[in-house]
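Here are some exercises to work through with the model on your screen. Try each task before you read its solution.

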Amino acid sequence: MAEPLLAIQNLKTYFISRDSTVRAVDGIDLEVYPRQVVCIVGESGCGKSMTSLSIMRLVPKPKGKIVDGQIVFQGRDLLKLSEKAMTDVRGNEISMIFQEPMTALNPVLTIGDQITEVLVRHRNMNKRQALAKAIEMLKRVGVPRAEQIVHEYPHQLSGGLRQRVMIAMAMVCEPKLLIADEPTTALDVTIQAQVLELMRQLREDFNTAIILITHDLGVVAEMADHVVVMYAGQVVESVNADELFAEPLHPYTQGLMASIPTLDEEKEVLYSIPGTVPDAAAFPEGCRFASRCPLAQPSCFEKMPELREVKPGHFVRCDVV
Ligand SMILES: Nc1ncnc2c1ncn2[C@@H]1O[C@H](COP(=O)(O)OP(=O)(O)OP(=O)(O)O)[C@@H](O)[C@H]1O
Ligand SMILES: [Mg+2]
């Protein structure tokens, strides 16, 4: 296989305050190859967003801190770059789109100003060239009346349109890697399908690799080449998408699969994994899933299992399977 575009090793991102340390991301490994779609799944609070913000080096300061690990992108450790060099990477080689576009769009700038700003900064274009390119990109992501919309403000647009504008802004420099953090959760189902289709199309057009964060396994089934399942700040399973759905091995992944709604009318009550995720400021000693796990043995509560390759290319953090 080719070299990975992105290789994360032992990343740890903590929130440190006087009386607690929240281990939001606690030693994850993750690889993304060119053109690959990697989905990160897992319950709320397991560290998905903090992983993506760590890659962008946008972890909330001052409490949030990357305390260990490497994030190697195209051969360079992003954690060793100067802030200035990182500014050249962000929005240019790596872009991010967020769940709620209003947090990423500037309410006092027109759509055109926001997109052209990216081009003027990274592509050295003049205003007129940049505006033409912005309009072209907006059309490409299916924004109607693009010539007029560049003069409008974010609040004048619908949620679906704002999300498209944010995708246009993220893609306008043709990044090698797009990180999409729950990009469709706030959208209704039809628009959601359109946005996913758009991301697939952009991958075809620009060869962009995508890290797609979602807790919707339907989205995973549709989009992912590779899936990383996170639980309590760690990777618990990592494997290609076909194999994950054919044979999920970690008891947590199996629980997630069992919670997918089906059309089976017999199964009226949806399975949900009993118990709750442990507090990230006070993780237990052993396996972090043990207290909820139907297969747990006494030893699981004592020793943290390693992420091990149980079959070629199929990694699982569980000593029982
Ligand atoms: N600003 C912060 N200060 C302290 N702890 C934080 C902060 N932001 C996030 N955390 C903690 O870090 C952990 C990981 O959060 P993160 O936002 O990455 O979860 P997530 O997987 O993206 O969840 P969701 O599916 O709800 O978006 C959680 O335990 C969360 O409480
Ligand atoms: Mg999140």
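**Exercise 1. Find the domains of the protein chain and describe how they touch.**

Step 1. The assignment, which is automatic or taken from a database, gives domain 1 (6–93 + 175–252 + 307–316) and domain 2 (102–172). This is a predicted model, in which local features need pLDDT of at least 70 and side-chain atom pairs count only at pLDDT 80 or more, while totals for chains, interfaces and linings use all residues. Residues are numbered from 1 along each chain as its sequence is written, and chains are lettered from A and ligands numbered from 1 in the order in which they are written.

Step 2. Taken over C-alpha atoms, the centres of domain 1 and domain 2 are 25 Å apart.

Step 3. Domain 1 brings 12 residues to the contact and domain 2 brings 10; a contact means C-beta atoms, placed from the backbone, within 7 Å.

Step 4. On the domain 1 side, helix 8 (residues 189–206) gives the most, with 5 residues. Helices (H or I, at least four residues) and strands (E, at least two) are DSSP runs, numbered from the N terminus.

Step 5. By class, that side of domain 1 has 10 nonpolar, 2 polar and no charged residues. Here Ala, Val, Leu, Ile, Met, Phe, Trp, Tyr, Cys and Pro are nonpolar, Asp, Glu, Lys and Arg are charged, and the others, Gly among them, are polar.

**Exercise 2. Work out the strand order of the open sheet and why one side of strand 6 and of strand 11 has no neighbour.**

Step 1. The 8 strands follow the order 6-7-8-3-9-10-12-11, with mixed pairing; strands pair if DSSP finds at least two bridges between them.

Step 2. Strand 6 (94–97) and strand 11 (308–311) are at the edges with a single partner strand each, so one side of each lacks a neighbour in the sheet.

Step 3. Now look at strand 10 (residues 234–240) and strand 12 (residues 314–316): they run antiparallel and are joined by 2 bridges. Ser-238 is opposite Phe-315 in strand 12.

**Exercise 3. Describe the shell around ligand 1.**

Step 1. Ligand 1 is surrounded by 16 residues, the closest being Ala-24, Ser-44, Lys-48, Ser-49 and Met-50; a residue is near if its C-beta atom, placed from the backbone, lies within 6 Å.

Step 2. Strand 2 (21–32) and helix 1 (48–55) are the elements that give two or more residues to this shell. Helix 1 has the largest share, 3 residues.

Step 3. Sorted by class, the shell holds 7 nonpolar, 7 polar and 2 charged residues.

Key: Two residues are in contact if their C-beta atoms, placed from the backbone, lie within 7 Å.
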